[in-house]
Structures are given as C-alpha cells and as structure tokens.
Amino acid sequence: MYPRCIDDLIDSFKKFPGVGQKSAERMAFSVLSDFDSDDVEFFRDSLIAVKNDIKNCSVCNCITDGDLCFVCSDTTRLSDTLIVVENSKDVFLLEKMGNFNGYYHVLGGLISPFDDIGPSDINLDSLFNRVKNSKVKELIFVTRSGIEADTTILYIKKILSDFDVVISRIANGVPVGADMDYIDSLTLELALQNRKEVLD
C-alpha cells in the first residue's frame with residue numbers, strides 16, 4: 001500500500017519491543033514529516049554506532065564503547081561489594097538511584113535448565129575470578145525473582161563456599177517474575193537496603 005521505502009521503515013520500527021503496526025506507521029510518518037536531513041543522518045549514524053562500537057566491559061561485562069565501562073573506570077568506588085545483575089540495563093537502572101558506590105558484575109542471563117542455559121552459558125568464570133583475586137566481601141544479587149534466579153544464586157554460593165564472601169539478595173517487594181525495567185526506583189532502593197543473606 002505505501003511506497004516501498006515507507007513499508008521498509010514501518011517494518012523496521014515494528015522490530016522494536018511493544019511497537020505494533022499503528023505505532024510503527026506513526027513513527028515512519030514522523031520521520032517523513034518532522035525529521036530534517038541532519039536528524040535522519042544522526043539517527044542512521046547512531047544505529048550504526050550502536051552495532052559497531054558497543055562491546056562488553058573486560059571486567060564486569062556491562063556494555064561500553066571502550067575497554068572499561070564507566071563504572072569500572074571509576075577508581076573512587078568501593079571494591080568490597082559487587083552487585084550482580086542479569087543484564088547491562090540493570091546497571092544503568094541502579095546507577096540512576098545514585099546510592100550505590102561499589103562495582104557491578106553482569107551475568108548476561110540466568111541458569112535455566114528448561115531453556116537449556118547452563119552455568120557455562122553465562123558470565124560466571126569472570127565473576128569467580130574477581131572474587132578469588134580481589135577484596136570482594138559481599139555479592140548482592142539484584143535480579144528478578146523466580147526459579148532461574150534461585151538456581152543461579154545457589155549455584156554461585158556453592159562454588160564460592162570456600163571463600164569468605166557473603167551472598168545476599170534484595171528483599172521482598174520486587175514482584176515475582178517482574179522485569180527490573182518495570183520496578184520503580186523507591187521499591188528497588190528499599191529492596192536493596194533490606195537485602196537478606198542467602199542461606200543454605
């Protein structure tokens with residue numbers, strides 16, 4: 001129905017989460033009517049840069065455009081506490097709260113036998129090495145609730161049982177199965193402050 005290039009743009013926008021046909025059409029026509037050439041070139045260059053320049057931090061596995069992410073390159077932070085998260089978006093969510101001055105570790109997923117995701121499929125080796133070769137005293141798990149998170153945390157606790165490190169997780173208040181994206185900052189802050197040690 002539309003000219004081919006507009007159909008292609010609509011199809012591209014529909015690849016975004018939560019964007020259906022109507023929203024994609026509005027976005028495509030907004031590009032057509034509201035974007036000047038500079039806007040379009042900036043949008044294009046941003047998309048290309050995200051795919052070509054973004055990589056994982058060599059220390060914590062968070063996304064970055066350099067060797068180290070903005071957190072790991074900050075030498076003023078406290079090195080005895082690591083917050084362990086499922087993905088990089090969670091790091092940025094927690095940083096917006098502004099009340100944590102330690103470092104992070106991004107697992108890149110959770111152990112899930114049902115989905116054929118085992119310990120070797122997520123970023124565990126570098127976590128173990130960080131604990132073994134640093135002054136980390138506590139790992140705080142900030143993840144969605146559920147069997148995958150429980151399995152992952154208990155596996156890590158078992159592997160690190162010979163090390164003097166406390167394994168804790170955020171307190172209740174975060175809905176079971178809820179994505180971290182949809183949790184308000186106050187709920188998350190209180191859950192972090194009232195974290196509980198993981199017991200055998």
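## A quick tour of the fold

Take the contacts in this protein between residues at least 6 apart in sequence: 56% of them join residues at least 24 apart. Keep in mind as you look around that this is a predicted model. The protein has 200 residues, and 38% of them count as buried. Here's what to look for, topic by topic.

**The overall layout**

- The secondary structure adds up to seven helices and seven strands.
- Starting at the N terminus, you meet the elements in the order α-α-α-β-β-β-α-β-α-β-α-β-α-β.
- The accessible surface comes to about 12,200 Å², and carbon and sulfur atoms account for 52% of that.

**One helix up close: α5**

- Helix α5 covers residues 125-132, and its buried residues are Leu127, Phe128, Arg130 and Val131.
- If you look down the axis of α5, these buried residues fall within an arc of 160 degrees, so they line one face of the helix.
- What do the buried residues of α5 pack against? Their partners are the strands β3 (81-85), β4 (103-106) and β5 (138-142), plus helix α6 (147-159).

**Salt bridges**

- Side chains of opposite charge can pair when their charged atoms come close.
- Searching the whole structure turns up six salt bridges.
- One of them joins Arg4 to Asp8, with 3.3 Å between the closest N and O atoms. Both residues sit in helix α1 (residues 4-13), four residues apart, which is about one turn of the helix.
- Is Arg4 buried or exposed? Arg4 counts as exposed, because its relative accessibility is 65%, which is over the 50% cut-off. Its partner Asp8 is partly exposed, at 37%.
- Arg44 and Asp45 also meet in a salt bridge, at 3.0 Å from N to O. Arg44 is partly exposed with a relative accessible area of 45%, and Asp45 is partly exposed too, at 39%.
- Another salt bridge brings together Arg77 and Asp74, at 3.5 Å from N to O. Arg77 has a relative accessibility of 11% and so counts as buried, since the cut-off for buried is under 20%. Asp74, at 24%, is partly exposed.
- Arg77 and Asp74 don't stand alone: together with Glu95 they're linked in a network of salt bridges.

**Aromatic pairs**

- A pair of aromatic rings is described by the distance of the centres and the angle of the planes.
- The count for this structure comes to six aromatic pairs.
- Among them is the stacked pair of Phe13 and Phe43, with 6.4 Å from centre to centre and 10 degrees between the planes. This pair links distant parts of the chain: Phe13 is in helix α1 and Phe43 is in helix α3 (residues 37-53), 30 residues apart.
- Phe13 counts as buried, with a relative accessibility of 5%, whereas Phe43 is partly exposed, at 30%.
- Phe70 and Phe92 have ring centres 5.6 Å apart and planes at 20 degrees, so this pair is stacked. Phe70 lies in the loop between β2 (63-64) and β3, while Phe92 is in helix α4 (residues 88-97), so the pair ties together parts that are 22 residues apart in sequence.
- Phe70 is partly exposed at 40% relative accessibility, and Phe92 is partly exposed at 31%.
- Which residues form one aromatic cluster? Look for Phe13, Phe16, Phe35 and Phe43.

How values were computed. Residues numbered from 1 in each chain as written. Predicted model: local features only at pLDDT ≥ 70, side-chain atom pairs only at ≥ 80, totals over all residues. Heavy atoms only, no water. Salt bridge = Lys/Arg side-chain N within 4 Å of Asp/Glu carboxyl O. Helix = DSSP H or I, 4+ residues; strand = E, 2+ residues; numbered from the N terminus. Buried < 20%, exposed > 50% of the residue type's maximum accessible area, 1.4 Å probe, protein only. Contact = heavy atoms within 4.5 Å. Areas by Shrake-Rupley, 256 points an atom, 1.4 Å probe, with all protein chains shown as cover. Arc of directions from axis to C-beta. Phe/Tyr/Trp six-rings, centres within 6.5 Å; stacked < 30°, edge-to-face > 60°.
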